[in-house]
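Me: Please take me closely through one part of this structure, starting from a single pair of residues and working outwards. I would like a connected account rather than a list.

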Amino acid sequence: MDKMTPAMRQYYEAKEKHKDALIFFRMGDFYESFGDDARIIAKELDITLTRRGRDREGVDMPLAGIPYHAVDSYLPRLIRKGYKVAICEQLEDPKNAKGIVKRGVVRVITPGTVIDSSLIAGEANNYLMSISGNELEFGLSFLDVSTGEFLTTQFTDNQDYDRIISEAARMRPAECILPSSLFENKKLHDRLKDLGATLNIFDTDAFDPKTAYQDLIAHFGVMTLEGMGCEKLPLAISSSGAALEYARTTQMRDLAHIQSIRTYFENEFMVLDSITLRNLEIIQGLRNNLRDSLRDRSHGSSLLEVIDHTKTPMGGRLLHKMLLKPLISVILLTERLDAVDEIVKKTLLRYDLRSHLSQIRDIERLIGRVVYGNSNARDLIALSLSLAALPRIIKATGENDIKSGLLLDIIQRLGDFTDIVALLERAIVDDPPVSLRDGGIIKEGYNEKLDELKKLSSHGKGWIAEMQQHERERTGIKSLKIGYNSVFGYYIEVTKPNLSQVPQDYIRKQTTANGERFYTPALKEKEVMILSADERGKALELELFNEINSSIASRSKELQTTAQAIGELDVIANLAEVAVNNRYTRPEVNDNCNILIRDGRHPVVERSVPPGFVPNDIRMDCQEHQFLLITGPNMAGKSTYMRQTALIIILAQMGSFVPASYASVGVVDRIFTRVGAFDDLASGQSTFMIEMVELANILNNATPRSLILLDEIGRGTSTYDGYSIARAVVEFIHNKDNAGVRSLFATHYHQLTATEGVLRRVKNYHIAVKEEGGDLVFLRKIVPGATDRSYGIHVAKLAGVPPKVIQRAKEILKEVENGSAISKGKEAKYTQLMLFDPGDANTNAKESPVIEELKNLNLDEMTPLDALNTLSALKRKTAGG
Ligand SMILES: Nc1ncnc2c1ncn2[C@@H]1O[C@H](COP(=O)(O)OP(=O)(O)OP(=O)(O)O)[C@@H](O)[C@H]1O
């Protein structure tokens, strides 16, 4: 006999259509799943598997259920693991001829198409990435269904797909869809997988540029995509069309809140590839495991953490994007810096703006829910409170005579929604319930009919309270109670000891463990009236709510423009606040080749170094200071110095003030980094191999406007091989394209410093230390010239390596130094540059007695002959005579 329930049969029907999804059925207050899906769900969510009925083969059917109220915590766990989840609910046509409730899939949730913000962890963007391409030409699109943001680009890539990967690393999509031809490309597939995104094949006509084009213009209601910048980019169009189609087929709706695409080009922004993002700890500190961290939205001790004090989710998301995409255009940067500068200077305005902004919730996502039709009354209250803050923001700026063109433009984009705020204040109660089904949402006075129904119901309830009192008096049963439940309606409850006092006109309804339940015809009559008023009231509330929701949805475009403007304002006010709190200064940005930083600090390290961070200067240009070789003992601060330079440049190019007393930045088109300590052992490649792959990428792709940071090259092989490679790299970068690339190279190969003087644009610097009573004191100050000692053994001692080992290492070092020239840096030639005052450095480098004597000479009192004799004597001294 077939023991399958209708729901189980519907499960098989749904599974047929959505083979790759886990199917969930809404059954009253539970979401239930059957069969193999139930097994997977029970295992992944660690919940108990039960059995109900039989499956098609007559075997007991496994069943896993989660309570409706816990869906928000359970579903994201499945989605984050990369599962697709299909939700089946009661369909519009509620019952068929046999009276069976019809259920079907109403939406499919995939990692990249989560529209319901309660299912997304945190406030960061949740992107679906779509890739289309042929040969080495690609189109990429990023769609955030929860906010309606839609971006696209098209470019030519190399054989390693570095640009695709670098875009993916920046945007961190939750899911990526590709046509099967690309999905089967092993190299691309593996590199995308490494970033932690869920990859799915989407093999449809949607990728066909013509279909995609028609689809997009129909969706946006436009004649051409010219205005969105991608009319002539067939691959951008094909990836966008596919992304939209995928979102629509999973969500099974029109997605009207996705209202335009923004086309961007790589050359608008500084390129920060995934390796550089990681090495410079821009979004995440390196303490987090990289693989996990792509899915984990916490930021550790990163640059983002230091500068993100935004007040709104829109601001937070925008700041994140701006940090990943520093600008190249000096004009745009100057505009941004002017805006930040103005808010830095206007302290009261800054304070006011930030306090008004803190009232504003996630308008972008609220609009998504409103348009999508899954908002609740609390969402509308949140929207009302947010929109009510807008006039206060406009007033504050109006009173402050704003000069910045960018700020004026942002303020102009803030819409007027006083009518929506007034409507919501009139219509929705202050603290509404989450569920729309139980009523209690609409305020008294908003709708006459609803007020009447509520009056009827409350009169009825008052009548019942009076009846209870009256019946107690009539029967003499003090404990008599009139109760209600959804199955039996209203009843008079009498406990066992009092049953003998029950009057004749009571009609028995139900027997319970403690007594009996009765009703009377009069009670029944009131019950019908109350229940009907309640039901009609709830239905009317829902209707009114939907009306209000639709009227807000019709303004979604304006609301989205406002939400974006709020994000921009928040970011500017935030950067101004950070500048003031962290003592940052306004950088100069220009198109020349110079980088001049005075008293630069590492924005992250400076917060954690007791007793204080030692600021340092840097000067780079395309003439004599293009390639800076940085030597110095282990732990001296070489890496910190190089990274702080890159971070200051990134901050300047995102339009932020910077941690320095002065900075002038000739814009950089790309920052490359090669840092040794964080190699990815899990990838199965040797440390040295990874180093060389990364190096190859740098040498092949750096342009004369790039900045390269090399932290020790060639460490993973023999000293001689390593040194040879390092030296060849210095020569190559120095001569690249006959112009060279601005580079910082930290090294313990002291003999490399001999390249200064040989290669015109190379300069030596080192980080000063001094020895005190056999101990090493780190001065953290960069000074011109090279050093020839690494003090590795001192650092080993500081680290607690056993004294016996330290002693033996010292003996061996002595032997090696006597026997080999390579570790002594004998070729080193030190040219002192006077960019910095060596006195500042407080080094222990003793001045030579010859210089001392020279300084003490009083030329005014010397005859020319005296001077000549003294010079000859000094010369003899320098020759060791
Ligand atoms: N300018 C500075 N002021 C204060 N402390 C600093 C400064 N620079 C670096 N430090 C501290 O010194 C530590 C070591 O710095 P860093 O890693 O840059 O040294 P390194 O020279 O690159 O070392 P190694 O050669 O062993 O890689 C940092 O973690 C930081 O705590």
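**From one strand pair to the ligand**

Reply: In this predicted model, I671 stands opposite L707 in β24. The two strands concerned, β23 (residues 670-675) and β24 (residues 707-711), run parallel and are joined by five bridges. Helix α24, made of residues 687-701, lies across both β23 and β24, and its direction makes an angle of about 155 degrees with that of β23. Seen as a whole, the sheet to which these strands belong is open and has seven strands, in the order β13-β23-β24-β25-β21-β26-β27, with mixed pairing. Its edges are β13 (271-272) and β27 (775-784), each of which pairs on one side only.

The edge strand β27, through its span of 775-784, leads on to the ligand, since a polar side-chain atom of R780 lies 3.1 Å from a ligand oxygen atom. For H748, an N or O atom of the side chain is likewise placed 3.1 Å from an oxygen atom of the ligand, while for K638 the distance from a polar side-chain atom to a ligand oxygen is 2.7 Å. Taken alone, the ligand exposes 630 Å², of which the protein buries 77%.

Around the ligand there are 14 residues, and those that come nearest are V614, M635, K638, S639 and T640. Helix α23 (residues 638-654) supplies the largest share of this shell, with three residues. By character, the shell divides into six nonpolar, six polar and two charged residues.

Methods:
Residues are numbered from 1 along each chain as its sequence is written. This is a predicted model: local features need pLDDT of at least 70, side-chain atom pairs count only at pLDDT 80 or more; totals for chains, interfaces and linings use all residues. Side-chain values use heavy atoms; hydrogens and water are left out. Two strands pair if DSSP finds at least two bridges between them. Helices (H or I, at least four residues) and strands (E, at least two) are DSSP runs, numbered from the N terminus. Contact means heavy atoms within 4.5 Å. Axes are lines fitted to C-alpha atoms, for helices over the stretch in contact, and angles run from 0 to 180 degrees between N-to-C directions. A residue is near a molecule or strand if one of its heavy atoms lies within 4 Å of it. A polar contact is a pair of N or O atoms within 3.5 Å; within protein, one must be able to donate a hydrogen and the other to accept it, and residues adjacent in sequence count only if both atoms are side-chain atoms. Accessible areas come from the Shrake-Rupley method with a 1.4 Å probe; for residues, only the protein chains shown count as cover. Ala, Val, Leu, Ile, Met, Phe, Trp, Tyr, Cys and Pro count as nonpolar, Asp, Glu, Lys and Arg as charged, and the others, Gly among them, as polar.
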